[in-house]
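Grab a pencil and work through these exercises with the model open beside you. Each task comes with a solution that goes step by step.

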Number of protein chains: 2
Amino acid sequence: MTKMNNKNKIFIDKLRSSGLRPTNQRVEISKFLFNRKKTFHFTVEELKSSMNLKRQKKISTATFYNTVHALKSAGHLKEFSLENNTSCYDTNITSHHHFFDNGKVIDIKSDKITFQKLPEAPKGKKIKNVEVVIRLENNN
Amino acid sequence: MTKMNNKNKIFIDKLRSSGLRPTNQRVEISKFLFNRKKTFHFTVEELKSSMNLKRQKKISTATFYNTVHALKSAGHLKEFSLENNTSCYDTNITSHHHFFDNGKVIDIKSDKITFQKLPEAPKGKKIKNVEVVIRLENNN
DNA sequence: ACATACTTTAGAATAATTATAAAGTAGTTA
DNA sequence: TAACTACTTTATAATTATTCTAAAGTATGT
């Protein structure tokens, strides 16, 4: 990247703050993830196939995993586990909760759930975060 | 099993109600899981190695997976996902919540957490269950 | 432009889980 | 109880998600 146009600055900054040099592949991934209005839920496989679908020169699996991990460690992505033993990532990094509806994930804004009572952390420990999953089923 | 002694009835019943014939291997697994006072959290690998450790004739991996899956489908075990993409099972099938403390899982009794506010299910859907995970970190 | 450390990539390696198919066993029936 | 049939067990192969490796390529500081 000899010259980086300014419109990518925000995506490049996410990489830099994750300790990653802004290579072409990474900038494309960062744009793909963060250049959107709505929250985005994905697994690495899904990200890879949807990005590579439209590309002549494919980005390798390892690069997707590396980039997503670094972004996650830096706090630009949230990770959560699906039932089927795959990691799912969320571009919404604000504290929030989820509906799980047969494999589909829907965000719940943090203020939609409040607690009347929460247990104390065991001694020597403190609460890092609280995550709620509301599992849904069909109404009939 | 020509003759099944009565003291195993409860463990055999769990198998039968899961659609499984009470073979020797399955009865041993069922006993190992349910013949205890405290709740038991395990992955299939952990179950397998701890049971096979003390046996001359090992039970195969497939039998552990089959049996655990059937018990889970019948509702005798609860499944939840750990961060590291392995399925964890819980012999406590009552509705309850969990502390996650660096890979260690601790049950939280259902009545220790109550809600002041919960979102409505999207239309056409209803809430099947609500699960809370409280992640812990060290105090210092 | 150079040097160097960081990257990309294809492909191998691992780990968790599921599938296969041959040999064994439970439960039913006569 | 003998015999039959469908269900089981097992070792092993296959799959899936993910991580590792090492050779070839690239960003960045000087």
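Two ground rules on strands before we start. Helices (H or I, at least four residues) and strands (E, at least two) are DSSP runs, numbered from the N terminus. Two strands count as paired if DSSP finds at least two bridges between them.

A word on the source: this is a predicted model, where local features need pLDDT of at least 70 and side-chain atom pairs count only at pLDDT 80 or more, while totals for chains, interfaces and linings use all residues. Residues are numbered from 1 along each chain as its sequence is written, chains are lettered from A and ligands numbered from 1 in the order in which they are written, and side-chain values use heavy atoms, leaving out hydrogens and water.

**Exercise 1. Take stock of chain A: list its elements, their order and the span of the trace.**

Step 1: count. Chain A has 4 helices and 7 strands.

Step 2: read along the sequence. The pattern of chain A is α-α-β-α-α-β-β-β-β-β-β.

Step 3: get the dimensions. The C-alpha trace of chain A spans about 55 × 45 × 25 Å along its principal axes.

**Exercise 2. Work out the three-stranded sheet of chain A, then find its counterpart in chain B.**

Step 1: order the strands. In chain A, 3 strands make an open sheet in the order 1-3-2, with antiparallel pairing. Strand 1 (41-42) and strand 2 of chain A are the edge strands, each pairing on one side only.

Step 2: zoom in on one pair. Strand 2 (residues 78-81) and strand 3 (residues 87-90) of chain A run antiparallel and are joined by 4 bridges. Within that pair, A:Lys78 partners A:Asp90, and A:Glu79 partners A:Tyr89.

Step 3: follow the turn. Strands 2 and 3 of chain A form a hairpin with 5 residues between them, and A:Asn85 in the turn has a positive phi of about 60°.

Step 4: switch chains. Chain B also shows 3 strands in an open antiparallel sheet, in the order 1-3-2. Strand 1 (41-42) and strand 2 (78-81) of chain B each have a single partner strand, so one side of each has no neighbour in the sheet. Strands 2 and 3 of chain B pair over 4 bridges, with B:Lys78 opposite B:Asp90.

**Exercise 3. Describe how chain A meets chain B.**

Step 1: count contacts (heavy atoms within 4.5 Å). The tally is 39 residues of chain A touching 39 residues of chain B.

Step 2: look at buried area, meaning the accessible area (1.4 Å probe) that two parts lose on being put together, summed over both. Here that is about 3,700 Å², with 49% from carbon and sulfur atoms. On the chain A side, A:Lys126, A:Arg135 and A:Glu137 lose the most area, together 17% of what that side buries.

Step 3: find the salt bridges (a side-chain nitrogen of Lys or Arg within 4 Å of a carboxyl oxygen of Asp or Glu). There are 4 across this interface, and one pairs A:Lys125 with B:Asp101 at 3.1 Å, N to O.

Step 4: assign the chain A side to elements. Strand 2, strand 4 (96-101), strand 6 (114-117) and strand 7 (125-138) of chain A each give two or more residues. Strand 7 of chain A gives the largest share, 14 residues.

Step 5: check pairing across the chains. Strand 6 of chain A and strand 6 (residues 114-117) of chain B are antiparallel, with 3 bridges. There, A:Phe115 stands opposite B:Phe115.

**Exercise 4. What relates the two copies?**

Step 1: superpose by least squares on the C-alpha atoms of residues with pLDDT of at least 70 in both. A rotation of 179° with 0.0 Å of shift along its axis puts chain A on chain B, at RMSD 0.1 Å. The copies are therefore related as by a two-fold rotation axis.

Step 2: compare the surfaces. The copies meet through the same surface, because 100% of the interface residues of chain A are also interface residues in chain B.

**Exercise 5. Find a salt bridge inside a helix of chain A.**

Step 1: start from the total, 12 salt bridges over all chains.

Step 2: pick the pair. A:Asp13 and A:Lys9 meet through their side chains at 2.8 Å, N to O.

Step 3: place them. Both lie in helix 1 (residues 9-16) of chain A, 4 residues apart, about one turn of the helix.
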